[in-house]
Amino acid sequence: SKQWYQRRVRGVGFTAGTVVIRDIENRGIFHDRDDFVSQWAIAVQVILRNLKHYLKLLTPYILVIIGFAGFVLYNKGIVVGDRSAHVAVLHFPQFLYFLLFLSAFSAPHMIQRLRYSHLTVLRYCFRPVHVALFFASAVLAVAYFRYEHPYLLSDNRHYTFYVWRRIFNRTPMTIYLLLPLCFYTFLNMVALLSTVHSKFFTLLYFLCAAAQTVPQGLLEFRYFLLPYILYRLHVPQHSWVVLFLELCQYTLINLITVKIFLNKTFDWPDVGELNPNPQRFMW
(Lines give C-alpha, C1' and ligand atoms only; values in the text may rest on other atoms or scores of the structure.)
Protein backbone atom coordinates (compact mmCIF):
# COMPACT_ATOMS: atom_id res chain seq x y z
CA SER A 1 0.00 0.00 0.00
CA LYS A 2 0.97 3.65 -0.18
CA GLN A 3 1.49 3.79 3.57
CA TRP A 4 3.77 0.72 3.55
CA TYR A 5 6.17 2.32 1.07
CA GLN A 6 6.01 5.79 2.58
CA ARG A 7 6.67 4.59 6.12
CA ARG A 8 9.73 2.67 5.06
CA VAL A 9 11.14 5.45 2.91
CA ARG A 10 10.72 7.90 5.79
CA GLY A 11 12.38 5.37 8.08
CA VAL A 12 15.30 5.16 5.65
CA GLY A 13 15.49 8.97 5.55
CA PHE A 14 15.49 9.13 9.35
CA THR A 15 18.26 6.52 9.58
CA ALA A 16 20.32 8.35 6.97
CA GLY A 17 19.92 11.59 8.90
CA THR A 18 21.07 9.97 12.15
CA VAL A 19 24.14 8.56 10.39
CA VAL A 20 25.15 12.05 9.24
CA ILE A 21 24.40 13.63 12.63
CA ARG A 22 26.46 11.09 14.54
CA ASP A 23 29.37 11.39 12.11
CA ILE A 24 29.42 15.17 12.56
CA GLU A 25 29.11 14.91 16.34
CA ASN A 26 31.98 12.41 16.48
CA ARG A 27 34.23 15.05 14.96
CA GLY A 28 33.96 16.99 18.24
CA ILE A 29 33.29 20.37 16.63
CA PHE A 30 30.38 21.38 18.84
CA HIS A 31 32.24 21.73 22.13
CA ASP A 32 31.29 24.88 24.01
CA ARG A 33 28.84 25.85 21.27
CA ASP A 34 25.31 25.70 22.64
CA ASP A 35 23.74 28.03 20.12
CA PHE A 36 21.71 25.87 17.73
CA VAL A 37 22.00 28.31 14.81
CA SER A 38 25.78 28.30 15.10
CA GLN A 39 25.81 24.51 15.29
CA TRP A 40 23.63 24.30 12.21
CA ALA A 41 25.95 26.61 10.24
CA ILE A 42 29.00 24.57 11.28
CA ALA A 43 27.28 21.32 10.33
CA VAL A 44 26.42 22.62 6.85
CA GLN A 45 30.04 23.71 6.35
CA VAL A 46 31.31 20.28 7.42
CA ILE A 47 28.96 18.51 5.00
CA LEU A 48 29.92 20.75 2.08
CA ARG A 49 33.64 20.35 2.77
CA ASN A 50 33.33 16.58 3.02
CA LEU A 51 30.60 16.03 0.45
CA LYS A 52 32.28 13.02 -1.17
CA HIS A 53 32.66 11.34 2.23
CA TYR A 54 28.97 11.80 3.09
CA LEU A 55 27.79 10.66 -0.34
CA LYS A 56 29.80 7.46 0.15
CA LEU A 57 28.45 7.09 3.68
CA LEU A 58 24.86 7.48 2.48
CA THR A 59 25.12 5.36 -0.68
CA PRO A 60 22.99 2.45 0.67
CA TYR A 61 20.21 4.82 1.69
CA ILE A 62 20.40 6.80 -1.55
CA LEU A 63 19.99 3.57 -3.54
CA VAL A 64 16.82 2.72 -1.62
CA ILE A 65 15.40 6.19 -2.24
CA ILE A 66 16.28 5.97 -5.95
CA GLY A 67 14.52 2.62 -6.11
CA PHE A 68 11.45 4.15 -4.48
CA ALA A 69 11.50 7.05 -6.95
CA GLY A 70 11.70 4.52 -9.81
CA PHE A 71 8.65 2.71 -8.44
CA VAL A 72 6.71 5.97 -8.20
CA LEU A 73 7.54 6.80 -11.83
CA TYR A 74 6.66 3.31 -13.03
CA ASN A 75 3.42 3.20 -11.04
CA LYS A 76 2.57 6.83 -11.91
CA GLY A 77 2.05 7.50 -8.22
CA ILE A 78 2.61 6.03 -4.78
CA VAL A 79 -0.77 4.38 -4.25
CA VAL A 80 -1.40 0.74 -5.08
CA GLY A 81 -5.17 0.34 -5.16
CA ASP A 82 -7.90 2.94 -4.74
CA ARG A 83 -6.05 6.19 -5.41
CA SER A 84 -9.06 8.41 -4.72
CA ALA A 85 -9.15 7.23 -1.10
CA HIS A 86 -5.46 7.88 -0.43
CA VAL A 87 -4.73 11.42 -1.50
CA ALA A 88 -2.06 13.36 0.35
CA VAL A 89 -3.44 16.37 2.23
CA LEU A 90 -2.16 18.96 4.68
CA HIS A 91 -3.69 17.45 7.79
CA PHE A 92 -1.72 19.25 10.51
CA PRO A 93 -3.98 18.07 13.38
CA GLN A 94 -2.67 14.57 12.71
CA PHE A 95 0.50 15.53 14.55
CA LEU A 96 -1.61 16.56 17.54
CA TYR A 97 -3.46 13.24 17.37
CA PHE A 98 -0.08 11.53 17.36
CA LEU A 99 0.91 13.38 20.53
CA LEU A 100 -2.30 12.20 22.21
CA PHE A 101 -1.71 8.65 20.96
CA LEU A 102 1.81 8.71 22.37
CA SER A 103 0.55 10.10 25.66
CA ALA A 104 -2.02 7.30 25.96
CA PHE A 105 0.31 4.45 25.03
CA SER A 106 3.14 5.86 27.14
CA ALA A 107 0.85 6.50 30.09
CA PRO A 108 3.10 4.77 32.67
CA HIS A 109 6.07 6.85 31.51
CA MET A 110 4.10 10.10 31.33
CA ILE A 111 2.69 9.57 34.83
CA GLN A 112 6.14 8.75 36.15
CA ARG A 113 7.39 11.97 34.55
CA LEU A 114 4.92 14.10 36.53
CA ARG A 115 7.40 14.61 39.35
CA TYR A 116 9.93 16.07 36.89
CA SER A 117 7.56 17.78 34.47
CA HIS A 118 7.04 20.89 36.57
CA LEU A 119 10.72 21.73 35.97
CA THR A 120 10.35 21.20 32.23
CA VAL A 121 7.16 23.25 32.06
CA LEU A 122 8.65 26.06 34.12
CA ARG A 123 11.73 26.18 31.92
CA TYR A 124 9.62 26.60 28.80
CA CYS A 125 7.01 28.85 30.39
CA PHE A 126 9.78 31.36 31.05
CA ARG A 127 9.93 31.56 27.25
CA PRO A 128 6.41 32.76 26.52
CA VAL A 129 7.12 33.09 22.80
CA HIS A 130 7.58 29.30 22.55
CA VAL A 131 4.39 28.59 24.45
CA ALA A 132 2.39 31.10 22.41
CA LEU A 133 3.82 29.73 19.17
CA PHE A 134 2.83 26.15 20.04
CA PHE A 135 -0.74 26.99 21.03
CA ALA A 136 -1.27 29.45 18.18
CA SER A 137 -0.04 26.87 15.65
CA ALA A 138 -2.18 24.15 17.23
CA VAL A 139 -5.33 26.29 17.26
CA LEU A 140 -4.83 27.34 13.63
CA ALA A 141 -4.17 23.72 12.62
CA VAL A 142 -7.39 22.52 14.23
CA ALA A 143 -9.46 25.47 13.00
CA TYR A 144 -8.38 25.43 9.35
CA PHE A 145 -6.78 22.05 8.56
CA ARG A 146 -8.97 19.46 10.30
CA TYR A 147 -9.96 16.80 7.81
CA GLU A 148 -12.68 14.16 8.13
CA HIS A 149 -11.93 11.24 5.85
CA PRO A 150 -15.03 9.38 4.54
CA TYR A 151 -13.64 6.07 5.83
CA LEU A 152 -13.32 7.52 9.34
CA LEU A 153 -16.97 8.51 9.35
CA SER A 154 -18.36 5.29 7.88
CA ASP A 155 -16.23 2.31 8.99
CA ASN A 156 -17.30 1.39 12.52
CA ARG A 157 -14.98 -1.63 12.76
CA HIS A 158 -12.01 0.38 14.02
CA TYR A 159 -11.00 2.10 17.24
CA THR A 160 -10.53 5.41 15.46
CA PHE A 161 -14.22 5.53 14.47
CA TYR A 162 -15.17 5.64 18.17
CA VAL A 163 -12.23 7.79 19.25
CA TRP A 164 -13.28 10.38 16.69
CA ARG A 165 -17.01 10.33 17.51
CA ARG A 166 -16.77 10.07 21.29
CA ILE A 167 -13.64 12.08 22.04
CA PHE A 168 -12.11 14.28 19.32
CA ASN A 169 -15.38 15.28 17.67
CA ARG A 170 -17.70 14.96 20.66
CA THR A 171 -18.14 18.75 20.76
CA PRO A 172 -16.56 21.49 18.65
CA MET A 173 -14.39 22.47 21.63
CA THR A 174 -13.16 19.02 22.71
CA ILE A 175 -9.99 18.95 20.65
CA TYR A 176 -9.10 22.47 21.84
CA LEU A 177 -9.46 21.32 25.45
CA LEU A 178 -6.94 18.55 24.75
CA LEU A 179 -4.25 20.96 23.54
CA PRO A 180 -2.67 21.38 27.02
CA LEU A 181 -2.16 17.59 27.11
CA CYS A 182 -0.55 17.81 23.66
CA PHE A 183 1.75 20.54 24.94
CA TYR A 184 2.65 18.53 28.05
CA THR A 185 3.45 15.48 25.92
CA PHE A 186 5.50 17.50 23.48
CA LEU A 187 7.57 19.06 26.28
CA ASN A 188 8.28 15.68 27.83
CA MET A 189 9.25 14.22 24.46
CA VAL A 190 11.71 17.07 23.88
CA ALA A 191 13.10 16.74 27.41
CA LEU A 192 13.57 12.95 27.19
CA LEU A 193 15.09 12.96 23.72
CA SER A 194 17.42 15.83 24.64
CA THR A 195 18.83 13.98 27.64
CA VAL A 196 20.53 11.38 25.44
CA HIS A 197 20.59 12.97 21.99
CA SER A 198 21.64 16.23 20.39
CA LYS A 199 19.37 19.05 19.28
CA PHE A 200 19.93 17.93 15.70
CA PHE A 201 18.64 14.44 16.43
CA THR A 202 15.60 15.79 18.30
CA LEU A 203 14.77 18.13 15.42
CA LEU A 204 15.25 15.32 12.88
CA TYR A 205 12.90 13.09 14.85
CA PHE A 206 10.09 15.64 14.95
CA LEU A 207 10.53 16.46 11.26
CA CYS A 208 10.23 12.77 10.37
CA ALA A 209 7.25 12.33 12.71
CA ALA A 210 5.50 15.27 11.05
CA ALA A 211 6.33 13.94 7.58
CA GLN A 212 4.84 10.58 8.57
CA THR A 213 1.60 11.93 10.03
CA VAL A 214 0.66 15.27 8.44
CA PRO A 215 0.09 14.10 4.81
CA GLN A 216 -2.35 11.37 5.94
CA GLY A 217 -6.00 12.34 5.56
CA LEU A 218 -7.28 9.29 7.42
CA LEU A 219 -6.99 9.11 11.20
CA GLU A 220 -5.50 5.65 11.75
CA PHE A 221 -3.24 4.42 14.52
CA ARG A 222 -0.99 2.55 12.09
CA TYR A 223 0.39 5.87 10.86
CA PHE A 224 1.62 6.59 14.38
CA LEU A 225 3.42 3.28 14.95
CA LEU A 226 6.74 4.10 13.27
CA PRO A 227 7.31 7.46 15.03
CA TYR A 228 6.09 5.94 18.30
CA ILE A 229 8.48 2.98 18.10
CA LEU A 230 11.38 5.24 17.13
CA TYR A 231 10.59 7.45 20.11
CA ARG A 232 10.48 4.53 22.54
CA LEU A 233 13.77 3.16 21.21
CA HIS A 234 15.58 6.48 21.59
CA VAL A 235 14.48 7.69 25.02
CA PRO A 236 16.10 6.62 28.31
CA GLN A 237 14.66 3.44 29.77
CA HIS A 238 12.72 3.84 32.97
CA SER A 239 12.55 1.55 35.98
CA TRP A 240 11.45 -2.05 35.66
CA VAL A 241 8.23 -1.13 37.45
CA VAL A 242 7.31 1.35 34.72
CA LEU A 243 8.23 -1.14 32.00
CA PHE A 244 6.14 -3.82 33.69
CA LEU A 245 3.15 -1.46 33.89
CA GLU A 246 3.61 -0.67 30.21
CA LEU A 247 3.61 -4.41 29.40
CA CYS A 248 0.42 -4.87 31.44
CA GLN A 249 -1.23 -1.97 29.63
CA TYR A 250 -0.42 -3.37 26.17
CA THR A 251 -1.45 -6.88 27.18
CA LEU A 252 -4.80 -5.68 28.52
CA ILE A 253 -5.54 -3.65 25.38
CA ASN A 254 -4.71 -6.59 23.13
CA LEU A 255 -6.75 -9.04 25.19
CA ILE A 256 -9.78 -6.76 25.05
CA THR A 257 -9.34 -6.26 21.31
CA VAL A 258 -9.05 -10.00 20.61
CA LYS A 259 -12.06 -10.75 22.83
CA ILE A 260 -14.22 -8.22 20.98
CA PHE A 261 -12.95 -9.46 17.62
CA LEU A 262 -13.87 -13.07 18.43
CA ASN A 263 -17.12 -12.57 20.30
CA LYS A 264 -18.77 -9.38 19.06
CA THR A 265 -19.93 -9.46 15.46
CA PHE A 266 -22.40 -7.17 13.72
CA ASP A 267 -23.99 -6.74 10.30
CA TRP A 268 -24.02 -3.95 7.78
CA PRO A 269 -27.63 -4.08 6.50
CA ASP A 270 -27.08 -1.39 3.87
CA VAL A 271 -24.31 -3.39 2.14
CA GLY A 272 -25.62 -6.88 2.89
CA GLU A 273 -25.56 -8.03 -0.71
CA LEU A 274 -22.04 -6.75 -1.31
CA ASN A 275 -20.65 -8.05 1.97
CA PRO A 276 -23.02 -10.56 3.60
CA ASN A 277 -20.47 -11.86 6.12
CA PRO A 278 -20.61 -10.72 9.77
CA GLN A 279 -18.35 -7.75 10.47
CA ARG A 280 -15.73 -7.86 13.22
CA PHE A 281 -14.14 -5.17 15.31
CA MET A 282 -10.42 -4.68 14.65
CA TRP A 283 -7.63 -2.13 15.10
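Guide: Contact means heavy atoms within 4.5 Å. This is a predicted model, in which local features need pLDDT of at least 70 and side-chain atom pairs count only at pLDDT 80 or more, while totals for chains, interfaces and linings use all residues. Residues are numbered from 1 along each chain as its sequence is written, and side-chain values use heavy atoms, without hydrogens and water.

Visitor: What percentage of the contacts with a separation of 6 or more joins residues 24 or more positions apart?
Guide: The protein chain has 15 helices (at least four residues, H or I in DSSP) and 2 strands (at least two, E), numbered from the N terminus. Among its contacts with a separation of 6 or more, the share between residues 24 or more positions apart is 74%.

Visitor: Is Ala141 buried or exposed?
Guide: Ala141 is found in helix H8, and, leaving aside neighbours within four places in sequence, Ala141 is in contact with Phe92, Pro93 and Arg146. Leu96, 45 residues away in sequence, lies 9.1 Å from Ala141, C-alpha to C-alpha. Because its relative accessible area is 8%, and buried means under 20% with a 1.4 Å probe and protein chains only (exposed is over 50%), Ala141 is buried.

Visitor: How many residues are in the largest nonpolar core?
Guide: A nonpolar core joins buried Ala, Val, Leu, Ile, Met, Phe, Trp, Tyr and Cys residues through side-chain atoms within 4.5 Å. Phe98, Leu99, Phe168, Met189, Tyr205, Phe224 and Tyr231 touch the most other members, and the number of residues in the largest core is 57.

Visitor: Which residues does Phe224 touch, not counting those up to four places away in sequence?
Guide: Phe224 is one of the core residues that touch the most other members. Outside that stretch of up to four places in sequence, the residues that Phe224 touches are Gln94, Tyr97, Phe98, Phe101, Thr213 and Leu219.

Visitor: About how much space lies in the largest cavity?
Guide: A cavity is a set of points, on a 1 Å grid over the protein atoms alone, where a 1.4 Å probe fits but cannot get out. The search of the whole structure finds 1 cavity of 30 Å³ or more, and the space in the largest cavity is about 60 Å³.

Visitor: Which helix gives the largest share of the lining of the largest cavity?
Guide: The lining residues, those with an atom within 4 Å of a point, include Arg10, Phe14, Tyr205, Cys208 and Leu230. Two or more of the lining residues come from each of helix H1 (2-25), helix H13 (199-213) and helix H14 (222-234). With 4 residues, the largest share comes from H13.

Notes: On a 1 Å grid over the protein atoms alone, a cavity is a set of points where a 1.4 Å probe fits but cannot get out, and a pocket is an open set with protein on both sides within 12 Å along at least five of seven lines; lining residues have an atom within 4 Å of a point. Grid points are joined across faces, edges and corners, and a volume is the space filled by probe spheres set on the points.
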